[in-house]
Amino acid sequence: MTNNDVLRSVRYMLDMSDATMVSILALAESEASVEEMQAFLKKEEEDGFRACPDVLMGYFLNGLIFSLRGKSEEAPVPSVERKMTNNIILKKLRVAFNLKTTDITEILQLADFAVSQAEIGAIFRKPGHKNYRECGDQILRNFLKGLTMKKRPAVKKA
């Protein structure tokens with residue numbers, strides 16, 4: 001999935017305004033204008049579309065963690081990766097929404113997508129670990145869909 005797809009999904013899921021999205025970036029000590037955020041939220045075929053850089057996506061997800069869970073003075077600030085992968089995005093969303101592996105499998109089931117806890121655990125392993133597994137677009141897309149259904153119960157399955 002592209003960073004832009006993830007931004008659009010999170011925005012819809014949490015019913016955020018453009019200004020709120022910009023303020024979430026500010027929580028992670030990054031910045032973008034409302035106009036830039038609007039360009040990131042457009043679809044590729046729309047005029048004014050801009051691809052969201054990996055670094056900005058990392059700052060946004062860190063800001064989302066701070067927004068939803070608060071900023072802890074004791075805990076180290078989450079790192080901002082230069083290259084975002086679906087695995088990193090899923091990990092940061094798991095932290096932001098305070099989810100366990102069992103919660104993730106339940107959320108995926110809401111989207112009619114069955115994945116075992118072992119498969120989810122493999123996604124959260126470090127690259128290079130013998131059981132590491134890349135998170136495919138299908139898993140991340142269905143996770144975002146299921147999480148939206150959980151956060152916005154009025155939204156029915158499409």
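In this predicted model, the charged end of Arg 94 sits over the ring of Phe 124, at 3.9 Å from the ring centre. A second placement of this kind involves Lys 71, whose charged end sits over the ring of Phe 66, 4.8 Å from its centre. Aromatic rings can also be examined against one another. A pair of such rings is described by the distance of the centres and the angle of the planes. With ring centres required to lie within 6.5 Å, the count of aromatic pairs comes to zero.

Attention can now turn to the helices. Two packed helices are described by the angle between their axes and the distance between the axes. Helix H4 covers residues 54–69 and helix H5 covers residues 86–96; their axes come within 8 Å and cross at roughly 15 degrees. Because angles under 35 degrees count as roughly parallel, H4 and H5 are described as roughly parallel to each other. Their crossing is right-handed. On the H4 side, the contact is made by Leu 61, Asn 62, Leu 64, Ile 65, Leu 68 and Arg 69, while H5 contributes Ile 89, Lys 92, Leu 93, Val 95 and Ala 96. Sorted by class, the residues of this contact are eight nonpolar, one polar and two charged.

H4 also packs with helix H1, which spans residues 3–14; here the angle is about 25 degrees and the axes are 10 Å apart. H1 and H4 are therefore roughly parallel to each other, and their crossing is left-handed. From H1, the contact draws on Asn 3, Val 6, Leu 7, Val 10 and Leu 14, and from H4 on Asp 54, Met 57, Phe 60 and Leu 64. The classes represented are seven nonpolar, one polar and one charged. Leu 64 of H4 thus appears in the contact with H1 as well as in the contact with H5.

H1 has a further partner in helix H8, made up of residues 137–151, with an angle of about 10 degrees between them and axes 9 Å apart. That angle makes H1 roughly parallel to H8. The crossing of H1 and H8 is left-handed. In this contact, Val 6, Ser 9, Val 10, Tyr 12 and Met 13 of H1 meet Leu 140, Leu 144, Leu 147, Thr 148 and Lys 151 of H8. By class, seven of the residues are nonpolar, two polar and one charged. Val 6 and Val 10 of H1 take part in this contact with H8 and also in the contact with H4.

Note on methods
Residues are numbered from 1 along each chain as its sequence is written. This is a predicted model: local features need pLDDT of at least 70, side-chain atom pairs count only at pLDDT 80 or more; totals for chains, interfaces and linings use all residues. Side-chain values use heavy atoms; hydrogens and water are left out. Rings of Phe, Tyr and Trp (its six-membered ring) pair if their centres lie within 6.5 Å; planes under 30 degrees apart count as stacked, over 60 as edge-to-face and the rest as tilted. A charge sits over a ring if NZ of Lys or CZ of Arg is within 6 Å of the ring centre and within 35 degrees of the ring normal. Axes are lines fitted to C-alpha atoms, for helices over the stretch in contact, and angles run from 0 to 180 degrees between N-to-C directions. Helices (H or I, at least four residues) and strands (E, at least two) are DSSP runs, numbered from the N terminus. Angles under 35 degrees count as roughly parallel, over 145 as roughly antiparallel, 65 to 115 as roughly perpendicular and the rest as oblique. A crossing is left-handed if the near helix is turned anticlockwise from the far one by less than a right angle, and right-handed if clockwise. Contact means heavy atoms within 4.5 Å. Ala, Val, Leu, Ile, Met, Phe, Trp, Tyr, Cys and Pro count as nonpolar, Asp, Glu, Lys and Arg as charged, and the others, Gly among them, as polar.
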